[in-house]
Amino acid sequence: MKRYSAFAIAREAARHHTGWDRAWRDAQPKAKYDVIIVGAGGHGLATAYYLGKNFGITNVAILEKGWLGGGNTGRNTTIIRSNYLQDPSAAIYEKSRSLYETMSQDLNYNVMFSPRGVIMLAQTQHEVRGYQRTAHANALQGVTTQFIGPQKVKELVPIINIDGPRYPVLGGLYQARGGTARHDAVAWGYARACSDMGMDVIQRCEVTGVRTEGGKVVGVDTTRGAIDCDKLGGVVAGHSGHLCEMAGFRLPIESVALQALVSEPIKPCMDVVVMANTVHGYLSQSDKGEMVIGGGTDGYNNYTQRGSFHHVEETVRALIETFPMISRLKMLRQWGGIVDVTGDRSPILSKTPIEGMFLNCGWGTGGFKAIPGSGWAMAELMAKGQSPLTDEFSMHRFREGKFIDESVAAGVAH
Ligand SMILES: Cc1cc2nc3c(=O)[nH]c(=O)nc-3n(C[C@H](O)[C@H](O)[C@H](O)COP(=O)(O)OP(=O)(O)OC[C@H]3O[C@@H](n4cnc5c(N)ncnc54)[C@H](O)[C@@H]3O)c2cc1C
């Protein structure tokens, strides 16, 4: 595949852009692959990419029931940070954040990584103590964060009101190298790189059954016929429960809609990402100028992939005290995705009761930031049967009581 470069753009400009290749092949399913990945979201594509790049495994198919990146990967608000509390989380999220730093060069695809800084506001004494504790934990984990006071918050975010009567800003946990990236580009960049390695990215191919023999996976049934495989990776986010049901076991996970919305575009006014977890709201400004706004999950389990009016009202109402300018903004559009939430708000990267079948799910409301690190770790787990980054994230931790409690860091925020 031709590399993208300034020279290539100039050359194509001179010949009316007639020489570009398709970014990835429209592949037809083969009868058998070494590895099948179900789900062409960011995590599935990243897993396939690192299987090829780090382990030379390229006889791989990535099966997607819709279009690639059409799940949560293309629906999130793109916040990237690694300031988690527990050691196993900090390790995988920081690995991920560091991979984002060089992802555009690595994939030869501009994913618009923008390390503009992320602030998690402390608006109650409880949050002050919680974030100070996280800042200390991060220092020990080698993750660069700091707890900053309200004046520093105001300096970084001039449009903020730090003197709200109900929820004044008492400080914030600040990660200067956190930020955002273009979510579609992450999926497209990985898909292009996988296709370039000879892998088959197959869209409109839904997995409808998991075939096993003697407790070992041997293939899947799909809407485009049966396909055999030696190893299977289930990376289907909100549909993980369904997939595991097909394989004959239950998963400790719930699916719930998470919504977001954007305003009309306005002039640049905020160049950091701000999350206000007490009031359930967060916002950043996109390169187009829209204010990208998100809130909490729906209060009941569901599989809807759309927005609802009450969510716009609740989220905007929550943020108005801290960001009064929001009251003057028109909201342009809203949407939803099905997120997969575990009891301890940490992901599952695990072998399963079926030999040869692996799971990557449970990223809940905060898995965009984890895409490269999760793909890196999942590829190692699938190739070698073990990865230091996934050891603690087994699905069996719920039976054994070895939770990785990230409810403070991940219950609401992204
Ligand atoms: C509104 C919203 C805001 C968010 N904001 C953030 C944020 O700011 N920062 C952050 O880090 N995270 C955020 N997240 C979470 C993040 O988007 C997800 O954790 C992440 O994208 C999950 O990626 P994935 O690849 O696991 O899943 P997905 O991208 O959902 O991919 C799974 C794919 O599997 C496919 N699939 C399902 N079943 C089958 C089947 N049977 N056969 C074939 N294919 C199948 C689906 O069609 C889908 O494309 C947000 C999520 C939402 C919804």
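How much space lies in the largest cavity? About 50 Å³, in what is a predicted model, where local features need pLDDT of at least 70, side-chain atom pairs count only at pLDDT 80 or more, and totals for chains, interfaces and linings use all residues. Residues are numbered from 1 along each chain as its sequence is written, and side-chain values use heavy atoms, with hydrogens and water left out.

Let's start with the empty space. On a 1 Å grid over the protein atoms alone, a cavity is a set of points where a 1.4 Å probe fits but cannot get out; a pocket is an open set with protein on both sides within 12 Å along at least five of seven lines, and lining residues have an atom within 4 Å of a point. The whole structure holds three cavities of 30 Å³ or more. Among the residues lining the largest cavity are Trp-20, Asp-21 and Arg-192.

| Site | Volume | Nonpolar | Polar | Charged |
|---|---|---|---|---|
| Largest cavity | about 50 Å³ | three residues | one residue | four residues |
| Second largest pocket | about 510 Å³ | five residues | ten residues | seven residues |

Of the 22 residues lining that second largest pocket, Thr-78, Arg-182, His-183, Ser-286 and Val-292 are the closest to its centre.

Now for the packing. The largest nonpolar core (buried Ala, Val, Leu, Ile, Met, Phe, Trp, Tyr and Cys residues joined through side-chain atoms within 4.5 Å, buried being under 20% relative accessible area with a 1.4 Å probe, protein chains only) has 49 residues. Ile-37, Leu-45, Ile-62, Tyr-100 and Tyr-190 touch the most other members. Beyond its neighbours within four places in sequence, Tyr-190 has contacts (heavy atoms within 4.5 Å) that include Leu-45, Met-103 and Ile-371.

Key: Grid points are joined across faces, edges and corners, and a volume is the space filled by probe spheres set on the points. Ala, Val, Leu, Ile, Met, Phe, Trp, Tyr, Cys and Pro count as nonpolar, Asp, Glu, Lys and Arg as charged, and the others, Gly among them, as polar. Buried means under 20% relative accessible area, exposed over 50%, partly exposed in between (1.4 Å probe, protein chains only).
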